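Me: I'm new to reading protein structures, and I'd like to take a close look at one part of this one. Could you walk me through it slowly?

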Amino acid sequence: MLLDGVTVAMSVMAAALPVIVFAVNPGRAAWTGAGGGTTVMTVRGLAGSVEKRLRGGRLRGPCCGGVLAPWGWARRRVVAMPAGPEEFCPRRSRCRRCGRTHVLLPADLWSRRRYGAAVIMAVLLLAAAAAAAGRAAARPWLAGRDGSRWQVPASTARSWRSRFAGRAGALRQALTGVLPLADPLSRSFAPAGSPAGDCLAVLEAVTAGLRCRFPALAAVTAHEVAAHLTGGLWLAPAVPTLRLNTTLLAADAVPPP
């Protein structure tokens, strides 16, 4: 399906957990499908669940569809989550067929962000609501390691809002193409009155469609869907021509515990 330069491909093989794969070619202002550069594959579920699937040969690579095997770990990082800071060390995997390696990025994270996807999404939602009401945008509060509470810094929230506003139109167009595939009934959504708000409204409609259509995704969240649909690149530094290669693989249909 081609939508003004946005290619959307979706294959529904079963009531499965979406595993969306992106490959980013260093030095090129483009997002491409699997087959080169650094490949990130988003996975949903606890680390133990991902490890069990990986060692059991139940994860297949975006490169050639081969079975993935454990291949070390990515860099350990501490990420600010709503309930407090958490440490993540994403698993690396290697395709047994072609030898390519892939980072398994948890769907709760967006690439190269020190804040969890749920935190960033909360900032974007608050900003959309504020724009619709004609008031200043609020910022969410997070829990500290010692039980204290702190607010997302104003400069950080402002940078997220600015970057998202600059790409909301392109993302909305792509999501509009995904919507009939996620939800054949194409449920309508109310315009939010701004490009950013409209984009988030379509994202929520896609999320609702996936929840209704696939039992394994009954608890999937909008920020997880955003991670899957962009390989964690929802707020990537550059916004090139988008090529969303979205695949639902039955082999990965394991809901989180």
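At what angle do helix 2 (residues 117-133) and helix 4 (residues 195-213) pack, and how far apart are their axes?

Reply: Happy to! Please keep in mind that this is a predicted model. Helix 2 and helix 4 pack at an angle of about 125 degrees, and their axes are 9 Å apart. Angles over 145 degrees count as roughly antiparallel and those from 65 to 115 as roughly perpendicular, and helix 2 and helix 4 are therefore oblique to each other. Their crossing is left-handed. On the helix 2 side, the contact is made by Met121, Leu124, Leu125 and Ala128, while helix 4 brings Gly197, Leu200 and Leu203. Sorted by class, this contact of helix 2 with helix 4 has six nonpolar residues, one polar residue and no charged ones.

Helix 4 has another partner to look at, helix 3 (residues 154-182). The axes of helix 3 and helix 4 come within 8 Å and cross at roughly 25 degrees. Because angles under 35 degrees count as roughly parallel, helix 3 is roughly parallel to helix 4. This crossing, too, is left-handed. Many residues take part: among them, Phe164, Ala168, Leu171 and Arg172 in helix 3, and Pro195, Asp198, Cys199 and Leu200 in helix 4. By class, the contact of helix 3 with helix 4 has 17 nonpolar, two polar and three charged residues. Leu200 and Leu203 are worth finding on your screen, since they are in the contact with helix 2 and also in the contact with helix 3.

Now pause at Cys199 of helix 4. With 0% relative accessibility, Cys199 counts as buried, because the cut-off for buried is under 20%. Cys89, in contrast, is partly exposed, at a relative accessible area of 22%. If you are looking for a disulfide, a search of the whole structure finds zero.

Further along the chain, helix 5 (residues 222-230) is a nice example of burial. Nine of its nine residues are buried, so helix 5 is largely enclosed by the rest of the structure. Those buried residues include His223, Glu224 and His228. After helix 5 comes Gly231, with a positive phi near 60 degrees.

Finally, step back to the whole protein. There are five helices and 13 strands, and 47% of the 257 residues count as buried. Among contacts between residues at least 6 apart in sequence, 62% join residues at least 24 apart.

Technical notes
Residues are numbered from 1 along each chain as its sequence is written. This is a predicted model: local features need pLDDT of at least 70, side-chain atom pairs count only at pLDDT 80 or more; totals for chains, interfaces and linings use all residues. Side-chain values use heavy atoms; hydrogens and water are left out. Buried means under 20% relative accessible area, exposed over 50%, partly exposed in between (1.4 Å probe, protein chains only). Helices (H or I, at least four residues) and strands (E, at least two) are DSSP runs, numbered from the N terminus. A disulfide is a pair of cysteine sulfur atoms within 2.5 Å. Axes are lines fitted to C-alpha atoms, for helices over the stretch in contact, and angles run from 0 to 180 degrees between N-to-C directions. A crossing is left-handed if the near helix is turned anticlockwise from the far one by less than a right angle, and right-handed if clockwise. Contact means heavy atoms within 4.5 Å. Ala, Val, Leu, Ile, Met, Phe, Trp, Tyr, Cys and Pro count as nonpolar, Asp, Glu, Lys and Arg as charged, and the others, Gly among them, as polar.
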